[in-house]
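Here is a note for a colleague who is meeting this structure for the first time. Please keep the sequence and the model open while reading the points below.

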Amino acid sequence: MIKVGIIGCGRITEYRHAPEYLENKDVELLGFSDVQSGRAKLMAEKFGGRDYGSTEALLADPEIDAVSVCVANVYHAEVTLAALKAGKHVLLEKPMAATLKECEDIARAAKESGKIVMLGHNQRFAPAHIKAREMIANGAIGRVLSFHTVFGHGGPEVWTHDPNSWFMRRDRAAFGVLGDLGIHKTDLIHFLLDEPIVEVSAQMGTLNKRYADGTLIDLEDNATALYRTRSGAMGTMHVSWTFTACEENSTRIYGTKGVLRLYDDPRFSLIHEPAEGEVQQFRFRGLTSNEEQKAGKRENTGVINAFVESIVTGRRPPVDAQEALKAMRVVFAAIESAGSGRSVAVDQE
Ligand SMILES: NC(=O)c1ccc[n+]([C@@H]2O[C@H](COP(=O)([O-])OP(=O)(O)OC[C@H]3O[C@@H](n4cnc5c(N)ncnc54)[C@H](O)[C@@H]3O)[C@@H](O)[C@H]2O)c1
């Protein structure tokens, strides 16, 4: 049995981590910690285990083998490094950390500790994305030339339990929509194409997301990026917190022999349109939207199972710290590009 503790008891813990640990037969969920009084207790009442009272107390429990780190972004590095020092395996939520140095510190500490460190990049576990990666690798659309990917919804306040959400405060979130949603789609492009993005040109803006007093938030609510991959494929990413009426979470990959359409059709999660021949349509599980999750719709993302499997088998997790660092380098390059107005080369080693 892998014994687990969860640090940070907000929405992602309530909707995904805690229920998915309960669904895993190799796991015993020992308890929770949170800086907000009541949240850990609430989770313990709902999912079992206990309220440790503090993260220090949770990490000091020698029974705990592994933790989920589900705290506000700027605390990711501090809590993850403390957990590794305490000898725990770590499943860290995205975005990896607030600065490139912190991301590198985590990657280094992960390597030195010999512990499993995995990132909660759940887009990699969506079945249509897995199938698409396989099809691209097998040459179904020939050589990939270009792509576009979009992720947008009405903003984090429709998701979190906190009406004064830290998500929209630079001192707690570090990033706006680029770190929140852009990291998912940047990592997804790495996953689908199996090669890194090496050049970025980006724009960011705060167009309409406001605090309760009507002033614009101090983070970007929209970001667009032009990406170039190592093999020379070009594509765009648009991420937004101002898609007011509906959530969009889709991708298209264009190759020399056809196109793959991912989650852009309400009926089919994957459509393969070859330049010649029959169109193929697949119905896989969807990407659950924020609205659906709040309404109680839940499907196992596969993230927790993959983390637990890595611990049990000792195999590298599907998205480890090194892999996450590649996507974070692109995010930081996009921020630099948006600030300077120039395209930025990404050093991917
Ligand atoms: N993978 C995904 O698709 C996905 C989706 C949503 C959120 N997330 C990530 O999960 C993390 C948590 O997001 P959320 O939506 O659950 O936010 P939330 O605001 O609902 O919950 C965060 C919780 O962490 C607690 N907390 C903050 N700092 C802490 C600290 N230093 N120590 C202990 N507890 C602390 C807060 O009190 C709060 O209860 C964020 O990093 C977010 O980006 C990932």
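1. The overall size is a sensible place to begin, bearing in mind that this is a predicted model. A compact globule of 349 residues would have a radius of gyration near 20 Å, and because the protein chain has 20 Å, the two values agree. Along its principal axes, the C-alpha trace of the protein chain spans about 60 × 50 × 40 Å.

2. As for secondary structure, the protein chain contains eleven helices and 15 strands. Contacts between residues at least 6 apart in sequence can be sorted by their separation, and 69% of them in the protein chain join residues at least 24 apart. Of the 349 residues of the protein chain, 57% count as buried.

3. Turning to the surface, the accessible area of the protein chain comes to about 15000 Å², and carbon and sulfur atoms account for 49% of this area. The protein chain carries 41 positive and 47 negative side chains, with the centres of the two sets lying 2 Å apart.

4. The domain assignment divides the protein chain into domain 1, covering 2-122, and domain 2, covering 124-345. The contact between them takes 45 residues from domain 1 and 46 residues from domain 2. The C-alpha centres of domain 1 and domain 2 lie 23 Å apart.

5. One peptide bond deserves a look in the model, namely the bond that joins Lys94 and Pro95, which is cis with an omega of about -10°. Pro95 is found in the loop that runs between strand S5 (89-92) and helix H5 (100-113).

6. Helix H8 may be examined next, and Thr186 has its place in this helix, which comprises residues 177-193. Is Thr186 buried or exposed? Thr186 has a relative accessible area of 0%, and therefore counts as buried. Leaving aside neighbours within four places in sequence, the contacts of Thr186 are with Ile197, Tyr227, Met237, Ala327, Val330 and Val331.

7. Val177 also lies in helix H8, and because its relative accessibility is 0%, Val177 counts as buried. When residues up to four places away in sequence are not counted, Val177 touches Gly182, Glu220, Asp221, Asn222, Ala223, Val239, Ser240 and Trp241. Val177 and Met204 are 27 residues apart in sequence, while their C-alpha atoms are 9.2 Å apart in space.

8. Two residues in loops beside helix H8 call for a check of their backbone angles. Ala174, in the loop between helix H7 (170-173) and H8, has a positive phi of about 70° although it is not a glycine. Asp194, in the loop between H8 and strand S8 (197-205), is likewise a residue other than glycine with a positive phi, in this case near 55°.

9. What relative accessible area does Ala174 have, and how is Ala174 classed? The value for Ala174 is 18%, and since buried means under 20%, Ala174 is classed as buried. Asp194, by contrast, has a relative accessibility of 57%, and because exposed means over 50%, Asp194 counts as exposed.

Notes:
Residues numbered from 1 in each chain as written. Predicted model: local features only at pLDDT ≥ 70, side-chain atom pairs only at ≥ 80, totals over all residues. Heavy atoms only, no water. Helix = DSSP H or I, 4+ residues; strand = E, 2+ residues; numbered from the N terminus. Rg over C-alpha atoms; globule rule 2.2 N^0.38 Å. Buried < 20%, exposed > 50% of the residue type's maximum accessible area, 1.4 Å probe, protein only. Contact = heavy atoms within 4.5 Å. Areas by Shrake-Rupley, 256 points an atom, 1.4 Å probe, with all protein chains shown as cover. Lys, Arg positive; Asp, Glu negative; His and termini not counted. Charge placed at Lys NZ, Arg CZ, Asp CG, Glu CD. Domains from an automatic or database assignment.
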